[in-house]
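Visitor: Could you walk me through a few places in this structure? I would like to start with how helices pack.

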Amino acid sequence: MTDLYQTQRAMRNMRRAAMQRGVIAILDVGTSKIACLILRFDGEARLREVEGVGPMAGQSKFRIIGAATTRSRGVRFGEIAVMNETERAIRTAVQAAQKMANVRVDHVIACFSGAEPRSYGLAGEIDLEDNVVTEQDIARVLASCDMPDIGPGREVLHAQPVNFALDHRSGLADPRGQIGNRLACDMHLLSVADSAIQNLLYCIQRCDLELAGIASSAYASAISSLVEDEQELGAACIDMGGGATGVSIFMKKHMIYADSVRMGGDHVTADISKGLYIPTADAEKIKTRHGGLHATGMDDRDMIELGGESGDWEKDRRRISRTELIGIMRPRVEEILEEARAVLDAAGFDHLPSQQIVLTGGGSQIPGLDMLASRILGQRVRLGRPLRVQGLPQAATGAAFASAVGLCLFAAHPQDEWWDFEVPAERYPAKSLRKAFRWFRDNW
Amino acid sequence: MRSLIPFRLRAAKHSGYRAGRAAGRAEPPMTRAPVAHDPAPTVWAYRMQRVMLTPYLRTMLRVGLPICGLALAVTVYLGDEARRNAAIGVFTDLREKFEQRPEFMVSLISIEGSTPELGDAVRARLDLNLPKSSFDLDLEAARARVEELDAVKSAELRVRSGGILSVIITERQPVLVWRQADGLTMVDETGHRVAGLFERGDRADLPLIAGQGADVATPEALQILAAAGPIASRVRGLVRMGERRWDIVLDRDQRILLPEDNPVRALERLLALDKAQDMLARDLASVDLRLPTRPTLRLTPFAMNEMRRGRGLDPLPETVETEL
């Protein structure tokens, strides 16, 4: 646990160093693509005076100066399966982005979607020593949360204090300086399989880069595609990626739950490929060009040439109607959404005051998804696109880049996590000295 | 910019099949194009690119490398003696051409403020083979050469427009004639030699001084001469004695021995005596003023004997006259 604490603190320091240098890279290691964005931090926002826009979510603090994507290889279900293939893919993306930015980056913040994230709610409570909540007290209350048994081979990815309660008052965002007797906190802890982190770390090190932060892509895409009031009132973000579909629930601007479904757009492609006996690349093309989820009478007449280069004329000249394609795609998408529904149910999403669901990720671009999703997930479904950030190329503004853009925001404004607070003073031998000092202060 | 489409889909090739069907026979099976592997830079290419993107290195390459290259090229080019000489020669040529332009040529010397004889001497001393470029003239050295002439007190040289070197000379004015064993010399008020003199009569207007080291004490001599105004007609000259003090020699072989210190004052006292008692008109051989408290007179032998006779004493025997 302390080991993790130190690692995460080291990453935070790395991030600070990168901010000082002004250049940091964002790496979204997905199943279907690897995206690399290079951010330049220019210090103060320049947008503010120019357009009369507020600082927004902090995205005016930085500017994207390099962007590149490459087809992902060696990644399955959002986890690295073939290490050197993934390393090559990361290298390709980073090199292209560096070339575009014409600057060298050494620090990278990465996200990935798989590795079986599991959420835990933690609660801790302490008696305040002198009625006023200090930073030390927050560290103590965070440390007092009892660590759940996350199982062997698991690692903590996020540990964010979600809520503070002081005596009978709950829902405090920042209790520092307030007066009370008992301080309680709720913490959301997200654990993932540590092999996934190890593999990613290894790949990034092999590319001569240093990891300055790591996040779950479900979390990253939620912070870019949920608007502020959705984050505040409660919403779920379903990030339909290539190999995994991330689900995260936000409430009061904190992530309170995250999970992932190990199915995604690649499975749809695989279904098409298998169902129509065509190569995966062709299936992908057909899916993106002609895919849909709602068949109409028009679709019966809309014939799609499958093509092919097998040399067999009959096979290469096959034509299917769009309805057939939809008939292949729809069950899989339904399955994914039902799994997501199950995840949301398990999280108790129906008890939240707001039932907003935002679909994002590359898979959310299938035409007709919103209608299908509203049948399965409830009425309040919308398709989300990531926030606009400065300098983002037009080609990278689509829903597929939600987690990359979210990671940019994460890099600019990371949420306080457990390791952002100092180790409570109890762990130091300075405690007795501190006690003596307080005794003096109280008695004179 | 690099395309952001994650992967490029192969274009479908249908035209070939259509053509085949039109011909009415089956198209031979097309060979599948080799599947291009996903492009990825090699580790070394990647590292090289990162190294080349290092800001420090980029600056070095952009600025340092051209400078180094230029320096190397220049060094190699000038490493050869002949090329170096040629390069220097070009510059020297240019410089010479510029200096030899008629605007800068000096062809005449005009000398002002001197007698014609001195002018000729100066001209000879300057020894400039004109015409010459004004860049080549070393006016300072020329001035030093001219001022080496005894008769020249100071000289001013400047190049005037029209290629004229104008020399303005201030001559030394002789104030004394200095007699030495090897001849007569005219000196100015500082004791500096002005010119030799063939005969005393040529410059009878100048007072005469004599003795070794007389030129060094010229200012004092001039003061004494000025003070000796009342007896100026009788003064034959001044003699420097032992490079220390002055004697005034009057006619009738009279001498006034002045002290080392304050000779003018001593002389003034003597002149006061002379005025009161008409002393110098008497038959004196010398007046010794060397001891200020005790001026001593020396009579001629004849006057001495006459004085003794007047007092009823025997005349002194004939003694050997000692010169002072």
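Guide: Two residues are in contact here if their C-beta atoms, placed from the backbone, lie within 7 Å. This is a predicted model, in which local features need pLDDT of at least 70, side-chain atom pairs count only at pLDDT 80 or more, and totals for chains, interfaces and linings use all residues. Residues are numbered from 1 along each chain as its sequence is written, and chains are lettered from A and ligands numbered from 1 in the order in which they are written.

Visitor: Which residues of α6(A) meet α14(A)?

Guide: From α6(A) the contact takes A:Ser217, A:Ala220, A:Ser221, A:Ala222, A:Ile223, A:Ser224 and A:Ser225, and these meet A:Ala402, A:Ser403, A:Val405, A:Gly406, A:Leu407, A:Leu409 and A:Phe410 in α14(A). Helices are DSSP runs of H or I with at least four residues, strands are runs of E with at least two, and both are numbered from the N terminus.

Visitor: How do the residues of that contact divide into nonpolar, polar and charged?

Guide: There are 8 nonpolar, 6 polar and no charged residues in the contact of α6(A) with α14(A), where Ala, Val, Leu, Ile, Met, Phe, Trp, Tyr, Cys and Pro count as nonpolar, Asp, Glu, Lys and Arg as charged, and the others, Gly among them, as polar.

Visitor: Let's switch to α13 of chain A: which residues there are buried?

Guide: In α13(A), which spans residues 369–377, A:Leu369, A:Ala373 and A:Leu377 are buried. They are on the same side of α13(A), because they cover an arc of only 40° around the axis, the arc being that of the directions from the helix axis to the C-beta atoms. A residue is buried if 20 or more other C-beta atoms lie within 10 Å of its own, exposed if 12 or fewer, and partly exposed in between.

Visitor: And what is on the other side of α13(A)?

Guide: A:Met371 and A:Arg375 are exposed there, whereas the cover over the buried residues of α13(A) includes α12, β17 and β18 of chain A. After the helix comes A:Gly378, with a positive phi near 120°.

Visitor: Over to chain B, where is B:Gly163?

Guide: B:Gly163 lies in the loop between β4 (152–160) and β5 (164–171) of chain B, and leaving aside residues up to four places away in sequence, B:Gly163 touches B:Met105, B:Val106, B:Ser107 and B:Leu108.

Visitor: Why is B:Gly163 classed as partly exposed?

Guide: B:Gly163 is partly exposed because 18 other C-beta atoms lie within 10 Å.
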